[in-house]
Each structure stands twice: as C-alpha cells, then as structure tokens.
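Me: Please take a close look at one part of this protein, the place where two helices pack against each other. I would like one connected account, with a word on how far the model can be trusted.

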Amino acid sequence: MADSLSCTAADLLPLLGGAPNATAAAAFLCSRFNTVSTRLADATLAIDNTYLLFSAYLVFAMQLGFAMLCAGSVRAKNTMNIMLTNVLDAAAGGLSYYLFGYAFAFGSPSNGFIGKHFFGLKEFPSPTADYSLFLYQWAFAIAAAGITSGSIAERTQFVAYLIYSSFLTGFVYPVVSHWFWSGDGWAGAAKTGGSLLFGSGAIDFAGSGVVHMVGGIAGLWGALIEGPRIGRFDRTGRSVALRGHSSSLVVLGTFLLWFGWYGFNPGSFLTIFKSYNYTNRSYYGQWSAVGRTAVTTTLAGSTAALTTLFSKRLLVGHWNVIDVCNGLLGGFAAITSGCSVVEPWAAIICGFVASWVLIGFNKLAEKLKYDDPLEAAQLHGGCGAWGLLFTGLFAKKIYVNEVYSGHPDRPYGLLMGGGGRLLGAQIVQILVIIGWVTATMVPLFLGLNKLKLLRVSREDEMAGMDMTRHGGMAYIYHDEDDGSNLPQFKMSRVEPGDTPTS
C-alpha cells in the first residue's frame, strides 16, 4: 500500500508550473504525503497483526475445549490423566514448535519438502512473518496433538504422551503444513513459485487435512497398536459401551470448541485489512470473506448436529447429546478445508454428509473392534477427508480467485463447472497425509510398544490411572482431614434399564 501511495518531487513539479520555490514546495508536499503513507502502512500492519493475535487466542481457547471434551468422555477414574495430557500437549508442543516446528513449516526460503530457517525463532521477525504468525501456527499444532490424545485415552502411559506430542508438533505436523500452507510447499494452493499441483494446488484453507487428518490418522494408529480398552468388547466380540462420566463437560467442551473455531477458520485469512478492488463494490473486501467464512462454518456444524440428532434417533431410538456434539464437531472438521471458497448453501451439504460419514465410520470401527474413546479418528480423520473432497466439488471460482490470487485461470470445484483438476489435487493430499503420518507415527508407536512405554499395565488400567499414576482422583467426595461422621459419597454409573433403589 505504501508503494502505491508514494510520490517524488519530480511528480509534482509539472503541476506547480513555474511558481517560485516550486522544487522546495514539491519536496515538502511529497515528504508529508510519504509520512501519511507510511503511517497508513503501519496501521494496516497493526490491524492485521491484532486480528491474527485475537484469532490465535481463540484457537488456543480450543485447548480448553479439548480438555473438557476429553474429560467428560472418559470414565471418572481417568479424568486427572486426560486433563494433564491436554495441558502438556500445549506445554511440550510450545517448546518443540519453537525449536523446530515453525522452522520446518514456514522456514522460507526452502525446498518443497521442508523449511530450513527460523529455528528457535532466530532472525525473527522477518519481512514475511511476525511473532503473531508463530503464535497462531503453534495453536494449530497443539490442536493436532490434542486430537491424537483422545484416541489413545484411558490406557496410555504418561511418558508416551510426552514423546508422541513433541514428535508430532515438532516434526510430523510441521512438514505437512509446509507442503500445503507454505509459499514454498510442493502441493499447496498458496505456492508462490513454479507450477501448481494439477494447475491448482490443494486447497486446505484452515486444515481439514493438515490439522484434522494428521491428528486423526496418528490417533488411529496409536489406538490400533495399543488395542481396545479392557472391557470394551466382551468375549463374544460384542461391543460394550464404556460411557464417559460427564455429559455436562462434553457439552461445555463442545461449545468452547465452537467458539474457538471462529478463530480457526476465519482467522486463517491471517489478514483482514485488504480490499479486493471491485470498483462497484467498495464495501466488499477481505473483511466480507472473513464474515462469510464464519457463516459457512456455523451452517456446516449446525446441519451436522441436527442430522446426527434425527439420524441417531431413528437408528438407536433415543436423543443422545453426546452423539449430537460429536456430529457438530464432525461438521466443523469437514468445512474447515473449503470454508472460505464455498457458498453458505454448500456448507449445509457439507455438514449433512459429514454427519453420515461419522456415523458410518463409527459403525465400521465397531465391526472391526476398534476402540477410540472420543471417536477422534473417525471424526477428525474421516470427516476431514470428506472436507477435502467437498472442497474439490464445491469451490466457487470467484472465491478461489479472491483467496488465492495470482492465477486467474486456476481450477475450481467440479460441480461448479471448474473441471476435475482441483478434486485430483485434493485426493493427492488425502493420500500423502495418510502415507506420511503412517510412515512416521507407526514406527514411533511400535517402538514405544516394544519398549513397554506405550500401554499401562492391566492392573493400572482397571484401577484407573488417576489413582495409580497421578496420586489421587480428580474428584474428592469427602475431606480426608475431616474426622466427623459425615456420610461418604460414591459415584456409580446408572445404565438404561436400571431399577432405582430406595
């Protein structure tokens, strides 16, 4: 912006004619004009960085949402354990992303595979990035780690959490984000040099693949290698529900995640003070695209929640708030890829299909005796993959050109008349994410398992890790120092069909 508003004395001299001191007057006017231009450029940077910081705070708030969702979805005897792992996802991820992760992801200039600058934020900030971008991307990295922790909850040793979380946020996730989000990445739509994948690059605006699929696939392999929780399937192979202990915490976590998603998706524009230069639509700019992205996010999640509500009512015969919350989050995970490049009506289709994707994968998991306490692999992995396909089908031409400028003939959604090249790039993204996460996380989980560092003992699992590994339960039902004869309370599960006792 400063360049377009700059001037020199030579520009003004012809306008001043032969007036006395014309050269001095022209120089004075230009100096004042350039000062205003510089202040405007500074204001633009300040506004954009403030917007990005605010978005980073929203995404970080999702960590609390994950913690509450996980806590409510596990049994009471493992509450302390799962909440501690969520805290350490953020803490361990903060250091690993600072030391290595950000550099691997956005350390330009670099090759198409991995970044190679800004380790430990050396020589930072740069002309292309400030500290606000680091904070925002760190919040994304720990979200991926949080997804994985849900898949392997209630049976995993604490040291394994620390190792996989650091590895995922410091290496596995950053490499994927470099491929699809960095200007140097080989497959992303934001690539700034060279040819694009299939002429379009893969569009994963806020991370249906980069964040959700990475976390979901990592969790899938961790849960498969560990095996199901004790009692999850009986001796005949029939599924046994090991219900979480608090629907209230699940709902609280879901609403916190919903709130944070308004930083996750709209915030991925990174800037807001940008005009699209339509002569007859001065009111329309990136600020409008940010608002549209928030609307598509809302509609996809809402549709998925309602679809799950009525579908599960037909399938199992009752209204289940846990299923509705998971359906809502599945809709959010799916729309995250194309939220900025699709119409609101298309977001409704995205959420409707995402609900059935989640239901279908849950049925498949049950048949295969796969145990994921939070349905994280099915929700984030399955719905994330659908979100990438959805973008390849419904991305609108004008929105694609606004968000990813510089290539006016870029392919767009197949069902919107843009051909199949974008859809092809989306399929490539799905395949390479599955391949990369499998190639990196499977050896890690197998190594931890071989060293007996992955799963807790049978005795510890039966007793609950809060008592055996963390020094006590998360909930205290009586004061241990109170010597009075107050009645003691014990929490027990009430299953459908139980007869109340008097």
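Reply: pLDDT is the predictor's confidence in each residue, on a scale from 0 to 100. The model is predicted, and its protein chain averages a pLDDT of 89, with 87% of the residues scoring at least 70. Over residues 479–489, however, the pLDDT is below 50, and beyond near neighbours in sequence this stretch has two contacts in the model.

Now to the pair of helices. Helix H9 covers residues 321–335 and helix H10 covers residues 344–367; their axes lie 8 Å apart and the helices pack at an angle of about 125°. Because of that angle, H9 is oblique to H10. The crossing in which H9 passes H10 is right-handed. On the H9 side, the contact is made by Asn326, Gly327, Gly330, Gly331, Ala334 and Ile335. H10 contributes Ala347, Cys350, Ala354 and Leu358. Sorted by class, the contact of H9 with H10 has six nonpolar residues, four polar ones and no charged ones.

For a view of a single residue elsewhere in the chain, take Thr79, which is placed in helix H3, residues 79–106. Thr79 has a relative accessibility of 1% and therefore counts as buried, the cut-off being under 20%. Setting aside neighbours within four places in sequence, Thr79 is in contact with Ala71, Val74, His245, Asp466, Ala474 and Tyr475.

Key: Residues numbered from 1 in each chain as written. Predicted model: local features only at pLDDT ≥ 70, side-chain atom pairs only at ≥ 80, totals over all residues. Heavy atoms only, no water. Axes fitted to C-alpha atoms, helices over the stretch in contact; angles between N-to-C directions. Helix = DSSP H or I, 4+ residues; strand = E, 2+ residues; numbered from the N terminus. Parallel < 35°, antiparallel > 145°, perpendicular 65-115°, else oblique. Left-handed = near helix turned anticlockwise from the far one by under 90°. Contact = heavy atoms within 4.5 Å. Nonpolar A, V, L, I, M, F, W, Y, C, P; charged D, E, K, R; others polar. Buried < 20%, exposed > 50% of the residue type's maximum accessible area, 1.4 Å probe, protein only.
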